[in-house]
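Work through the exercises below with the sequence and the model open. Try each task before reading its solution.

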Amino acid sequence: MILPPHQRVPRSQPHAPTDFARQVLEGLPLAHASLALFAYGVPDPVLADLYERHRGRGYEDVVTFAQLVTWIFDALIEHQGSGRQAHLRRHRQPDDGCHEAFYGKLRRIPRGLSEAFLRDVTDRFTALFPEVVAHRLPTSFDRLEVLILDGKSLKKVAKRLVDTRGTPGKLLGGKLLVAYRPRDGLVLDMAADLDGETNEAKLIPDLMPRVHARGGPAKLVVGDRLFCASKHFAEFTKDNGHFVVRYARTLSFEPDPKRPAVTTADPSQRAVVEEWGWAGKPKDKLRRYVRRITVARPVGEAITILTDLLDSAPYPATDLLDLYRIRWTIEGTFQKVTAIFALGRFIGSTPEATVFQASMCFVLANVVQVLQGYVVAKRKVTIDDLSTAQFCTDWHRQLAALKELVEVSMIVSLIPTDQTAESVGTLLDQLLGTMWKPGWDKTRNKAPRAHPHAAKQKGAHTSVQRRRQAHKPNEDP
């Protein structure tokens, strides 16, 4: 159970407690649907098995991994990221651990466990996702599984550790490389490094083998210019994979003299130039024949992308450029987990704690994505047309109302934990299929104005991991 009890059912309630609990639960469909989804996606047996496989040298004593997950979820959903408030509002049982037991377990969570938590729980949620789309992709990529890769720095870590007290500037926690699927808007996997100042491109060899091992259609990786390197192309193209990345001048490009460039125009009447040639120097063993597409812009530098999809008939240049523009949808997901699920307020102060909290925030984002999918499944809209902020506001209100009125033990008796994916999907469709409230439509600016971006301010900053290593120079990092 995700939500801990702290309020008993009022004795003055004229109905029987069980009947009252059932009536309240039926009147709060968002809360009911999310609890059923949690009961299927993160049951205690699954968490116990996950911890046993990835715990490393860790062990369970006063606090179990399932209790830790419940505590963090409560802090993120109800208390704006405050671990202390979430612990104080728990119903104190004789076997409840103290504050230090929870914080101590959080600060030592293995990095591999955080990565596996997101990956395994998301796989369970994926089986429930309805037949809807979050972002419409060009039809030329229907036979490929499009994945967007991007890095995420975990910023604004509190300076509570002895090693970090008095450190000037802002502290960074871990660094993440995230795999995001724009078709349904789910974060599938991530690779993490404890040093927040590391380059996320170094995590590609850790993430891509797991991405290819998922099976299914061939993967098409979309990335920024940071991923424009021959060694990264080799990782992307394993198992019949492909890539579309923004061109970086650090990688040389030699046009093919036997294949002249082709100039066309996009729907905005901007010139689009297609070239074929070799990426990398002649002596580079990973040198690759690629296709380079450049579109000029009236303001700012031109956009140039590289891809190994060489044939322009099945993969037109305009479709590839549109696909690269969709890369920005991952930034919306990052903004959502930061603003709605308090990723900018870290409960723990170690890099391990920040990585685990980020993993749980991405799981919550996936939960919201599944719930929104059932809301729009019977409407002629996409998930992108639904305001996540307004949806989550109503979701939080219903969870808070349910928790204030009904004891959680009664709710547990009404939500079975042994349901199959089919039965949970049927329940979600019944609860959310016809649910739509005024104000859930996303407000769009139809006449946006250009706003100049302020220059980034320079200042001192470092990562928690580097401060710890500086205080323990003889310790193996």
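**Exercise 1. Helix 2**

Task: Compare the expected and the actual span of helix 2 (residues 29-41). Then decide how many of its residues are buried.

Solution.
- Step 1. Helix 2 holds 13 residues.
- Step 2. The expected span is 1.5 Å times one less than the number of residues. For helix 2 that gives 18 Å.
- Step 3. The end C-alpha atoms of helix 2 are 18 Å apart, which agrees.
- Step 4. Burial comes next. In helix 2, 13 of the 13 residues are buried, so the rest of the structure largely encloses this helix.

Keep in mind that this is a predicted model.

**Exercise 2. The chain as a whole**

Task: Take stock of the secondary structure, the buried share and the contact range of the chain.

Solution.
- Step 1. The secondary structure comes to 16 helices and 11 strands.
- Step 2. The chain has 477 residues, of which 52% count as buried.
- Step 3. Take the contacts between residues at least 6 apart in sequence. Of these, 71% join residues at least 24 apart.

**Exercise 3. Helix 4 and Trp71**

Task: Repeat the span check on helix 4 (residues 65-78). Is Trp71 buried or exposed?

Solution.
- Step 1. The 14 residues of helix 4 should span 20 Å at 1.5 Å a residue. Its end C-alpha atoms are 20 Å apart, so the two values agree.
- Step 2. Helix 4 is mostly covered, with 13 of its 14 residues buried.
- Step 3. Trp71 sits in helix 4. Its relative accessible area is 1%. The cut-off for buried is under 20%, so Trp71 is buried.
- Step 4. Look past the end of the helix. Just after helix 4, Gln80 takes a positive phi of about 50°.
- Step 5. Go on to Arg84, which is 13 residues from Trp71 along the chain. The C-alpha atoms of the pair are separated by 9.6 Å.

**Exercise 4. The partners of strand 2**

Task: Which strands pair with strand 2 (residues 170-181), and in which sense?

Solution.
- Step 1. Start with strand 1 (residues 145-155). It runs antiparallel to strand 2, and 7 bridges join the two. Ser153 has Lys175 of strand 2 as its bridge partner.
- Step 2. Turn to strand 3 (residues 186-193). Its pairing with strand 2 is antiparallel, over 7 bridges. Here Tyr180 is bridged to Val187 of strand 3.
- Step 3. Check the hairpin of strand 2 and strand 3. There are 4 residues between the strands, and Gly185 takes a positive phi near 75°.
- Step 4. Add strand 11 (residues 461-463). It runs parallel to strand 2, joined by 3 bridges. The partner of Lys170 in strand 11 is His461.
- Step 5. Check burial. In strand 2, 11 of the 12 residues are buried.

**Exercise 5. Strand 4 and its two faces**

Task: Sort the residues of strand 4 (residues 219-223) by the way they point. Then find the pairing of strand 4 with strand 1 and strand 5.

Solution.
- Step 1. Side chains in a regular strand alternate between the two faces of the sheet.
- Step 2. In strand 4, Lys219, Val221 and Gly223 point one way. Leu220 and Val222 point the other way.
- Step 3. Both groups are buried. The count for strand 4 is 5 of 5 residues.
- Step 4. Strand 1 pairs with strand 4 in the parallel sense over 4 bridges. Val146 has Leu220 of strand 4 as its bridge partner.
- Step 5. Strand 5 (residues 242-246) also pairs with strand 4 in the parallel sense, over 4 bridges. There, Leu220 is bridged to His242.

**Exercise 6. Arg292**

Task: Is Arg292 buried or exposed, and which residues does it contact?

Solution.
- Step 1. Arg292 lies in strand 9 (residues 288-295).
- Step 2. Its relative accessibility is 16%, so Arg292 counts as buried.
- Step 3. Leave aside its neighbours within four places in sequence. The contacts of Arg292 are then Tyr247, Phe253, Val273, Glu274, Glu275, Thr304, Ile305 and Leu306.

**Exercise 7. The second largest pocket**

Task: Describe the volume and the lining of the second largest pocket.

Solution.
- Step 1. The second largest pocket holds about 600 Å³ of space.
- Step 2. Its lining has 20 residues, and the closest to its centre are Arg57, Gly58, Arg108, Ile109 and Pro110.
- Step 3. Helix 6 (99-107) and helix 7 (111-126) each supply at least two lining residues. Helix 6 gives the largest share, 4 residues.
- Step 4. By class, the lining of this pocket has 8 nonpolar, 3 polar and 9 charged residues.

Terms used
Residues are numbered from 1 along each chain as its sequence is written. This is a predicted model: local features need pLDDT of at least 70, side-chain atom pairs count only at pLDDT 80 or more; totals for chains, interfaces and linings use all residues. Side-chain values use heavy atoms; hydrogens and water are left out. Buried means under 20% relative accessible area, exposed over 50%, partly exposed in between (1.4 Å probe, protein chains only). Contact means heavy atoms within 4.5 Å. On a 1 Å grid over the protein atoms alone, a cavity is a set of points where a 1.4 Å probe fits but cannot get out, and a pocket is an open set with protein on both sides within 12 Å along at least five of seven lines; lining residues have an atom within 4 Å of a point. Grid points are joined across faces, edges and corners, and a volume is the space filled by probe spheres set on the points. Ala, Val, Leu, Ile, Met, Phe, Trp, Tyr, Cys and Pro count as nonpolar, Asp, Glu, Lys and Arg as charged, and the others, Gly among them, as polar. Two strands pair if DSSP finds at least two bridges between them.
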